[in-house]
Structure formats: structure tokens, C-alpha cells
Amino acid sequence: MAVQRRKDKVTGRVLPPNVSRRADGRYIHRSMVYGKPHYIYDRDLDKLKEKILEFEYSLKNGKMLDISKLTLDEWYPQYIELYKKGKVKDTTLKNQISYYNWYIQGSIIARMPIKDLKRSMVVAHFKELADKKHLAQGTLKNLANYLYNSCQQVLYDGVIAMNPCIDIMKDITATPKEIRDALTVEETKLMLEYMKMEGWANVYLPIIGIGLGTGMRWGELSGLTWGDVDTENHVISINHSINYRDRGQGKHEFFITSPKTVNAVRRIPMSDEVYELFKKQKKYQKQMRIRDDITIDGYKDFVFTAKTGIPYTHESIVRATKLIVKRANEWESERAKQEKRKPVVIRKHTPHVWRHTFTTRLVEREVPYEVLKLLLGHSTINTSISIYSHIKQQNYKRLITDVSGMLDIL
């Protein structure tokens, strides 16, 4: 049903939205700006329209802000628009928006005026994210940086005397759950064994096996090109990452970015098993005559693709992995019945777990922190030490549980 537009009783002209004519002959435009009424006047309707356009432009670009009364939820989108849009990579911008929406938006600290926000309140919120949401150290650190930078602009405007988000991570220790998701040696062997014998699953053996055998991040693995794979010297070069996201208007598309951090640019040695999987993948692509000319931001000849030559998306591999795990568990269950033993059960997981599994195997072999940092592309040695310690602690807890189980049997 069409909305009936208001008309000027004197001239008969249709008036713009939120515009009316006063008794004194002036036109008035009414709107609300951050909870306060805002008015624009002019005797000439055309001039008023120009003023409205200028006002809306100023509002969009942050020139009408009264930061002293804004909450974080009101200020953060304006901060992104003013200080970040067009100045950082698309992925960085989307991460800064997504992280805020997921972990800050609507919370107590987000709903109160920034001028009333205390550091202790922010620390309390982050402790909850660490202890109850189990966010990783890197995620918490990034989120703290985003909030600190946004509040720093409020400090520059003289609204607050101290940034309430300063040095938040000094008082926060992450307790990430995801590190516990690493597949066991038995689970890994079962999954790979099943894929080797099952025709359709065999297609996914190279990408899953290489993911487990190199610890690459998903974007690094799925964006790998044959130019990055040196089979002669058994080395893989990590120099870019591929993303598949909505870049506006609800349209998803692939795009290439630089790796997550400067240290993520690295060269990974490939084991003999990984080398054989690369050979297998090359042979498969030749047999299937898969296109190698699909170009994304200047990159082509991708290693892991669908039959169309387009790189796998995270969602497609998650679906395939889910089905592989389901079928492998069914196969193992029947086999275990016949052999009268307890079956190995592969847990549901995503490609990110392959990286955790690779990391866990390195820690179990007591690979030094420095080597762990280089292989995984960590930004600092502290990240490697934190993960190393966490895995050691989990392995110790599992050992205690195993011993308890043995005592129960006795």
C-alpha cells in the first residue's frame, strides 16, 4: 500500500518526508539525532531540500555528532565510518565490525555513555568473554585494540580524560576451548584410512591431508596456487590468503588479501606424505581436465578446486567433512563389532581443527617454541608459548583421566 504524501495547502506541491508548513509560512523539517529533536527551516521549499541533503550528508559523515552523550553502540559505527572505511583492507574492516557486533553490541558497556564508562567495567566484560565465551587470546587482543582505538578518538575530542579501554589485556587470560578440539592420532588415522578406500571421499584426501600435515590457516590452504608449491625442494610458500564473503548487496565473492600478519608470510617444509598428496591432487586435476585459468585478483592455477576450477569455499568443505566423518564412523562401527572391540569415533569438526591437530602433534613431539612460531606463522613468540602451555596442560589432564580409568578397572 502506497504511503500518502503530505501536500502544501498553499501551493499544492507534494512535501518531502518529515516536512510541513508552519503558520508563519516557513517550511520545517523535523528529525531525531541521537535522541534529540533537530529542526531545519526555510521559506523556500527548494532551498529547504538542499539544506536537508547537506544535513543528511553531514550526519552520515559524522559532522553532526555530539559525542559527549553517545554510547559505544551509537559511537562505534560512526567511528568505523569516519576513521576506518576506505583506509583499511576489506577483511580488516569486516572483522572490526563483526567482532564488535558479536561480542560488544547490546552489552552493559555498550549501552552506557562513553563518558561514564570505567576501565573496571570493560575488564569485567572481557573476563566474561574469556571465561564463559572462551575466546582465544588473539581474538580478545584484537577486540581490545578495536575498542581502545575507537575510544581514543573520543579522548582526542576532550570528552573523556582517560581511555577506559587502555591496557585491558594486562588483566585478561584467555581460556580457549578450541585447542581441545584437536583430533587424536587414532581419529586422524581412521579418517584418512576411510578416505583412501572410499571413491568420493578420496577426492578430498589431498586438501584434508595437507591441512593436517602443514597447519595452514583455511584461507592460506584454500588460496594456495601451484606457483606456491615447490615440489622439487619440498617447500610451500605462504604469501596470500583467499576469502569468500559478502562484500555488499548480499553478494558473496572471492577476494585475495595478504596473510593474517607479517609473520604469516613464510615457507613451510613439506613431509613426504604431504608431497605425495600434492602429486595426487595434480594428477586428479589433469584427469578431470579442471580449468586452471580462473583468476581472482590476479591469482590463478589454484591447487584445491571444485570441478569448475573455482576454489573450495569453507562451507563446501565443512559439508564434505561432516559427511566423511559420518560415513567413516559408520564404517568403523561395523568393523569394530566384527572385531569385538570398542570403535574409534571421529568428532565433528571444521577445517580450523586441522591446524590445531598439527599444532598438537608438534607440541607432543616437544618441538621448540621458535620452530612452532615459524611453522604456524604466529605474530609473536608469546602466542606460541601460550598455545604450547595450554596443550601441555590438556595432555596432562587427559593422562590423569586415563590413569583414573585404569584404577577403576583394577
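## H134 and the loop between α5 and α6

In this predicted model, H134 sits in the loop that runs between α5 (119-131) and α6. The phi angle of H134 is near 55 degrees, which is a positive value in a residue other than glycine. H134 has a relative accessible area of 17% and is therefore classed as buried, since the cut-off for that class is under 20%.

## Two further residues with positive phi

E366 also has a positive phi, near 60 degrees, and is likewise a residue other than glycine. E366 is placed in the loop between α13 (352-364) and α14 (369-376). With a relative accessible area of 54%, E366 is exposed, whereas H134 is buried.

A glycine can be added to these two residues: G86, found just after α2, takes a positive phi of about 80 degrees.

## The chain as a whole

The secondary structure of the protein chain amounts to 15 helices and 8 strands. Of the 410 residues in the protein chain, 44% are buried. When contacts between residues at least 6 apart in sequence are considered, 57% of them join residues at least 24 apart. The protein chain has an accessible surface of about 23,600 Å², and carbon and sulfur atoms account for 52% of that surface.

## Helix α2 and its packing against α3

Helix α2 (residues 72-84) carries both Y79 and Y83, and its buried residues are L72, W75, Y76, Q78, Y79, I80 and K84. Helix α2 packs with helix α3 (residues 90-103) at an angle of about 180 degrees, and the two axes are 11 Å apart. Because angles over 145 degrees count as roughly antiparallel, α2 is described as roughly antiparallel to α3. On the α2 side the contact is made by L72, D73, Y76, I80 and K84, while α3 contributes L93, Q96, I97 and Y100.

Several names recur when the burial list is read beside the contact list: L72, Y76, I80 and K84 are buried residues of α2, and these residues of α2 also take part in the contact with α3.

## Aromatic pairs and a cluster

The whole structure contains 15 aromatic pairs. In one of them, the ring centres of Y79 and Y83 are 5.9 Å apart and the ring planes stand at 35 degrees, so this pair is tilted. Y79 and Y83 are 4 residues apart within α2, which corresponds to about one turn of the helix. The two tyrosines differ in their accessibility, for Y79 counts as buried at 1% relative accessibility, while Y83 is partly exposed with a relative accessible area of 30%.

Another pair is formed by Y244 and F254, whose ring centres are 4.6 Å apart and whose planes stand at 45 degrees, so this pair is tilted too. The pair links distant parts of the chain, with Y244 in strand β6 (residues 241-246) and F254 in strand β7 (residues 252-257), 10 residues apart. Y244 counts as partly exposed at 34% relative accessibility, whereas F254 is buried, with a relative accessible area of 17%.

Beyond individual pairs, W75, Y76, Y79, Y83 and Y100 form one aromatic cluster. Of its members, Y76 of α2 and Y100 of α3 also belong to the contact between the two helices, and W75, Y76 and Y79 are among the buried residues of α2.

## A charge over a ring

A side chain carrying a charge is also placed against an aromatic face: R335 lies over the face of W331, at 4.2 Å from the ring centre.

## Surroundings of H29 and M162

H29 belongs to strand β2 (residues 27-33) and counts as buried at 5% relative accessibility. Apart from residues up to four places away in sequence, H29 touches P17, N18, V19, H38, Y39, I40, I52 and F55.

M162 is located in the loop between α6 (137-156) and α7 (185-197). If its neighbours within four places in sequence are left aside, M162 is in contact with R119 and L155. M162 and K115 are 47 residues apart in sequence, and the distance between them in space, from C-alpha to C-alpha, is 9.4 Å.

How values were computed
Residues are numbered from 1 along each chain as its sequence is written. This is a predicted model: local features need pLDDT of at least 70, side-chain atom pairs count only at pLDDT 80 or more; totals for chains, interfaces and linings use all residues. Side-chain values use heavy atoms; hydrogens and water are left out. Buried means under 20% relative accessible area, exposed over 50%, partly exposed in between (1.4 Å probe, protein chains only). Contact means heavy atoms within 4.5 Å. Accessible areas come from the Shrake-Rupley method with a 1.4 Å probe; for residues, only the protein chains shown count as cover. Rings of Phe, Tyr and Trp (its six-membered ring) pair if their centres lie within 6.5 Å; planes under 30 degrees apart count as stacked, over 60 as edge-to-face and the rest as tilted. A charge sits over a ring if NZ of Lys or CZ of Arg is within 6 Å of the ring centre and within 35 degrees of the ring normal. Axes are lines fitted to C-alpha atoms, for helices over the stretch in contact, and angles run from 0 to 180 degrees between N-to-C directions. Angles under 35 degrees count as roughly parallel, over 145 as roughly antiparallel, 65 to 115 as roughly perpendicular and the rest as oblique.
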